[in-house]
Amino acid sequence: MASRIINHLSFKRTRFLQLNPFIRLASTMPNINTPAPGAREYYPLNKPAIGTYIDGAQPELFKPLTIKDVTFKNRIFVSPMCQYSSSDGHATDWHLVHIGGFATRGVGAICVEATSVVPEGRISPEDAGLWTDSQMAPLKRIVEFCHAQGTKVGIQLAHAGRKASTYAPWVKERVGHGASWISEENENGWPNNVYGPTTTPFSETYPHPKEMTEQDMQYVEDAFVAATKRSREIGFDFIEIHGAHGYLIHEFVSPLSNTRTDQYGGSLENRLKFPTRLLQRIREAWADKPLFVRISATDWAEGPEKAEDGTWLQWGIEQSNLWVDKMLSLGVIDLLDCSSGGNWSKQKISPISAAEIGHGYQVPFAESIKKAHPSLIVGAVGSITDPKIAESYLKDGKADVVFLARELMRNPHWALTAAKALGAKVKAANQYDRAW
Ligand SMILES: Cc1cc2nc3c(=O)[nH]c(=O)nc-3n(C[C@H](O)[C@H](O)[C@H](O)COP(=O)(O)O)c2cc1C
């Protein structure tokens, strides 16, 4: 009897719902906590993605940007930051937490730290690497986590050149300035397998490098290509090539560090030869995806970039612009990430001292490159902390995106706090929404 009554009621309900499609939709749709699709475990779907502009005045910082087929939801990018926390070049759970923490807090993109394409290209023994297949799995886990949070993630591929085999910063600090910073063999280093464009060391506290042969260059190129292919397999959205901070590529382009007398040294054309060939080969393996290049726009050495007779004395903005011309004409760059320094041990960031480096102190270099190459997407970096000033860089056309490092370590929620300061409503993670 009871079951007949239930059946009857159920029939009546079905008829009612068939005749009222709206109610049918509402009452048959289960109120489940929607999972992020494709993730390897359950995470709630954030819709729109965390860090997406929703309402209020839309700041430039929160306008999406598309490069090739990748759309970044906003223009606040995490600058690459070495963590000196890898296990034989393999990313660890530290990296998952470090990168994952940014992925859940609203930035438009994250660039994973300088990741060496060969073991001896690491800055320190604990640096990240992508020279062998076993290094892919922990990175894939991180990339998949970022994607499940709706955040794009790329990797900075690097080779430290003559600045390899040194200590992590806090070990350097412990050892002190003026003492050797060389990580010796018994300290997990490889000081006898450090190479650069010449045999001149960065300073006396750094390893004495070997001068690279043509074969060495081919080997490094092949390693960059192999790491690029691995990056594709892992699922990275973009690659950034580290051409800054006095590492291998910067060492080749600067007349201060490249005094070779063969076809790879001397004239600007010669100094650009190896970096250009390298970028062309990387582009071949990464044709359809965004390719970023980070450069140092100056060596910050004393004196001018060029002598009166036209001789280049140090690396500077004039040659940076010429290099960008070349990269653009060859189609080997989609975004220029404009940094500075790191190649001259006696560098002086002028006219102010390093202790007084002001807000956006490298922005004038980004601006110069942007002005000379309006179609190129340019990133500014360096002591960018204030949301309103950061917004002005984009509004005034000085740059298209901002990269932040230290400020994001201090305040991983910077994107959301910046939105608030700029009067915009931006999506917070469902899980964190009650804080906003
Ligand atoms: C802990 C730390 C690690 C860094 N590691 C890298 C790196 O792997 N690759 C790189 O190009 N720059 C690296 N940098 C430089 C930053 O990406 C950034 O250019 C610099 O810190 C200036 O930006 P900021 O003032 O926002 O910190 C690092 C900076 C810090 C503080």
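**Helix packing and ligand shell**

Me: Helix 4 and helix 6 are oblique to each other, so at what angle do their axes cross?
Reply: Oblique means 35 to 65 or 115 to 145 degrees. This is a predicted model, where local features need pLDDT of at least 70, side-chain atom pairs need 80 or more, and totals for chains, interfaces and linings use all residues. Numbering starts from 1 along each chain as its sequence is written. The axes (lines fitted to C-alpha atoms, angles 0 to 180 degrees N-to-C) of helix 4 (136-148) and helix 6 (214-234) come within 9 Å and cross at roughly 45°.

Me: Which residues of helix 6 make that contact?
Reply: Helix 4 brings Met 136, Leu 139, Lys 140 and Val 143 (contact: C-beta atoms within 7 Å). The contact residues divide into four nonpolar, no polar and three charged. On the helix 6 side sit Arg 230, Glu 233 and Ile 234.

Me: What follows helix 13?
Reply: Helix 13 (414-421; helices are DSSP H or I runs of at least four residues, strands E runs of at least two) buries Trp 414, Ala 415, Leu 416, Ala 418 and Ala 419 (buried: 20 or more other C-beta atoms within 10 Å). Those residues pack against elements including helix 11 (387-395) and strand 14 (401-404). With positive phi near 80°, the residue following helix 13 is Gly 423.

Me: Which strand and helix each supply at least two residues of the ligand shell?
Reply: The ligand is surrounded by 20 residues (C-beta within 6 Å), with Ser 79, Met 81, Ala 114, Ala 405 and Arg 406 the closest. The suppliers are strand 5 (109-116) and helix 12 (406-410).

Methods. Ala, Val, Leu, Ile, Met, Phe, Trp, Tyr, Cys and Pro count as nonpolar, Asp, Glu, Lys and Arg as charged, and the others, Gly among them, as polar. A residue is buried if 20 or more other C-beta atoms lie within 10 Å of its own, exposed if 12 or fewer, and partly exposed in between; C-beta atoms are placed from the backbone.
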